[in-house]
Amino acid sequence: MKYEQVRTIDPAVADALEAEVDRQRETLSMIASENHVSEAVLEAQGSALTNKYAEGYPGKRYYAGCEYADEIEELAIARAKELWGAEHVNVQPHSGTQANMGVYLAMLDPGDKILSLELEHGGHLSHGHPANFTGQTYEVEQYQVDPDTGYIDYDSVAEKADEFTPDIIVSGYSAYPREVDFQRIQDVADAVGAYHLADIAHITGLVAAGVHASPVGIADFVTGSTHKTVRAGRGGIIMTTEEHASAIDTAVFPGAQGGPLMHNIAGKAVGFKEALQPEFTAYAEQVVTNAKVLAETFEDHGLEVVSGGTDTHLVLVDLRESHPDLSGGTAEDSLAAANIILNANTVPGETRSPFDPSGIRAGTPGLTTRGFDENDIAEVGELIYEVVDNHDSDDVIYDVGERVKELCDANPLYE
């Protein structure tokens, strides 16, 4: 990828853009929330639609000249409905967090109650963390995973809900490796008269492909990101029933956002069309298979995998037992030096600082997009272990980095 026009105007930015492409080509992207979109999606996102203001919704805009913006947004909506089977879809949220904001703004008043999974146990900032607007606007109570099993204890969720009487219960998580029983959460919500928001930001693609249970048709609201496992344009999405359609649309615009990012919506439309193709199901299945292989490889080397494995695209490793003196932050830095990019992450029962926690989180969507299969992933797991076990050895880090280069060359990106 050459940024010739950018280079003419701004060589410094062109250098950084080209360097970023090279970085992605030459490293193993294993941050669970990242993926590599197609060049078609990139082209749509870089289109002239970046020039267009289209406040409002198709057919009801506040500006003229929106006929093609309408056409593209309508395509994105129709394809999303087909992918996830939703009655009503809003594709305008700029991110998964802003999708959640749209639901809260539509259905809650300040001071209302949210019950959600604690961040250290796999939840998300936008589910009620005090550093986020949700924790500052609403009263929040949080549930945890079982510290012994790493699984959500649904009976405990029911008990907390009965005591707390929330207005909305949030399911769906950012660092929970097991399949979510959305019906169980819905039953709890029904029992206490609460709404149920299922945040599938990480697993949108897995749900679309049918390799993870879907909350659509179960939960009152389903939110997600569109650039993670579904590999579409960057942003968020809200799915709900016709009953709540007007409230959601009004909360997104004009409630929480101004003009939609139409170039991103174009990227969503293109990515959704790609996800409707038969080969996408095979991709999603391979993502999960690769994650299971990665977890098994870690366990074979004595690393503690939270919950003992994974049902999704991510693996969460607790380093405290196998490497008690190694923090997740140090492991992240050493792996990055070997061109393996993942993130430090809190684990259930966290005993370190959240800024330098006890675990690491690794995802398989990006590598699967590049064509990595089970054998490749098993080798990647071996390389990660080598670095973790020898995190202060420059020789080991160099050797692993050389092998990473070979794997990247064998599975090229953006040729």
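This is a short dialogue about a sheet and two cavities in a predicted model.

Me: What should I know before I start reading?

Reply: Residues are numbered from 1 along each chain as its sequence is written, and side-chain values use heavy atoms, with hydrogens and water left out. As this is a predicted model, local features need pLDDT of at least 70 and side-chain atom pairs count only at pLDDT 80 or more, while totals for chains, interfaces and linings use all residues.

Me: What is the strand order in the open sheet of seven strands?

Reply: Strands are DSSP runs (E, at least two residues), numbered from the N terminus, and two of them pair if DSSP finds at least two bridges between them. Here the order is β4-β10-β9-β8-β7-β5-β6, with mixed pairing. The edge strands, each pairing on one side only, are β4 (88-90) and β6 (139-143).

Me: In which sense do β4 and β10 pair?

Reply: Antiparallel, over three bridges, with β10 spanning residues 236-240. H88 has T240 in β10 as its bridge partner.

Me: How do I read a cavity, and how many of 30 Å³ or more are there?

Reply: On a 1 Å grid over the protein atoms alone, a cavity is a set of points where a 1.4 Å probe fits but cannot get out; lining residues have an atom within 4 Å of a point. Grid points are joined across faces, edges and corners, and a volume is the space filled by probe spheres set on the points. The structure holds two such cavities. The largest has a volume of about 80 Å³. Among its 13 lining residues, Y173, Y176, V180, H202 and I203 are the closest to its centre.

Me: What is the volume of the second largest cavity?

Reply: About 30 Å³. Its lining includes H121, Y176 and P348.

Definitions and conventions
1 Å grid on protein atoms, 1.4 Å probe; cavity = no way out; pocket = protein on both sides within 12 Å on 5 of 7 lines; lining within 4 Å. Helix = DSSP H or I, 4+ residues; strand = E, 2+ residues; numbered from the N terminus.
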